[in-house]
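Trainee: Could you take me through one part of this model in detail? I would like a close look at the metal site and what surrounds it.

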Amino acid sequence: MIELITDPTPGTISYFQSILESEGIQTFVRNENMSGTEGMIPIFHPGLCIVNDSDLDRAKQLIADNQPSEISETAPEITCTACGEKNPGNFASCWNCDAELPA
Ligand SMILES: [Zn+2]
């Protein structure tokens, strides 16, 4: 399982989840109903994960192709420090090389 994006707005997660599922990609939302947490991390954002790692490239491309306008306006693109590719601002890791992106 690989986490694709995290977003504090549940609507964004479900938006991308419906896009991926409509393309036949199995997804999983992490931290959606967080209860009984053990850790000290103060904030949990829901994260959209894919079940099958082999869907990763296609899933990331679909997300990149379906950015709602309000997201691209509020979340500036992140340039990957490893390969220099630009990523949508809500990506957790680079779509091109999988490097972790700066927050
Ligand atoms: Zn990269």
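Mentor: Here is the metal site, followed by its setting in the chain. Keep in mind that this is a predicted model.

Start with the ligands. The zinc ion is coordinated by four sulfur atoms: SG of C80, SG of C83, SG of C94 and SG of C97, at 2.3 Å. The angles among the four donor atoms run from 105 to 116 degrees, and the site is tetrahedral. For reference, the ideal angle for four tetrahedral donors is 109.5 degrees. Along the chain, the donors follow the spacing C-x2-C-x10-C-x2-C. C80 sits in the loop between strand 4 (78-79) and strand 5 (86-87), while C94 sits in the segment after strand 5, so this pair ties together parts that are 14 residues apart in sequence.

Do any of these sulfurs pair up with each other? Look at the count: a search of the whole structure finds zero disulfides. A disulfide here would need two cysteine sulfur atoms within 2.5 Å.

Now the exposure of the ligands. C80 and C94 are both buried. C80 has 3% relative accessibility. C94 has a relative accessible area of 0%. C97 is partly exposed, at 34%. The cut-off matters here: a residue counts as buried under 20%.

Stay with C94. Leaving aside neighbours within four places in sequence, C94 is in contact with K60, C80, C83, E85, N87, A99 and L101. Two of those, C80 and C83, are also zinc ligands. K60 is a partner from another part of the chain: K60 and C94 are 34 residues apart in sequence, yet their C-alpha atoms are 8.9 Å apart in space.

K60 leads to helix 2. This helix spans residues 56-65, and its buried residues are L56, A59, K60, L62 and I63. They cover an arc of only 160 degrees around the axis, which puts them on the same side of helix 2. The general rule is that an α-helix has 3.6 residues a turn, so residues three or four places apart point the same way. On the other side of helix 2, D57 and D65 are exposed. What does the buried set pack against? The buried residues of helix 2 pack against strand 1 (2-6), helix 1 (10-22) and strand 3 (47-50). K60 therefore belongs to the buried set on one side of helix 2, and K60 is also a contact of the zinc ligand C94.

Helix 1 deserves a brief stop. The structure holds one aromatic pair. It is formed by Y15 and F16: the ring centres are 5.0 Å apart and the planes stand at 65 degrees, so the pair is edge-to-face. The two partners have separate exposure classes. F16 is buried, at 1% relative accessibility. Y15 is partly exposed, at 32%.

Finally, place the site in the whole chain. There are three helices and five strands. From the N terminus on, the elements run β-α-β-β-α-α-β-β. Of the 103 residues, 36% count as buried. Among contacts between residues at least 6 apart in sequence, 54% join residues at least 24 apart. The contact between K60 and C94, at 34 residues apart in sequence, falls in that group.

Technical notes. Residues are numbered from 1 along each chain as its sequence is written. This is a predicted model: local features need pLDDT of at least 70, side-chain atom pairs count only at pLDDT 80 or more; totals for chains, interfaces and linings use all residues. Side-chain values use heavy atoms; hydrogens and water are left out. Rings of Phe, Tyr and Trp (its six-membered ring) pair if their centres lie within 6.5 Å; planes under 30 degrees apart count as stacked, over 60 as edge-to-face and the rest as tilted. Buried means under 20% relative accessible area, exposed over 50%, partly exposed in between (1.4 Å probe, protein chains only). Helices (H or I, at least four residues) and strands (E, at least two) are DSSP runs, numbered from the N terminus. The arc is that of the directions from the helix axis to the C-beta atoms. Contact means heavy atoms within 4.5 Å. Donors are N, O and S atoms within 2.8 Å of the metal (3.2 Å for Na, K and Ca); water is not among the atoms, so sites may look incomplete. Four donors count as tetrahedral if all angles lie between 85 and 135 degrees; four count as square planar and six as octahedral if opposite donors are over 155 degrees apart and all others between 65 and 115; anything else is irregular.
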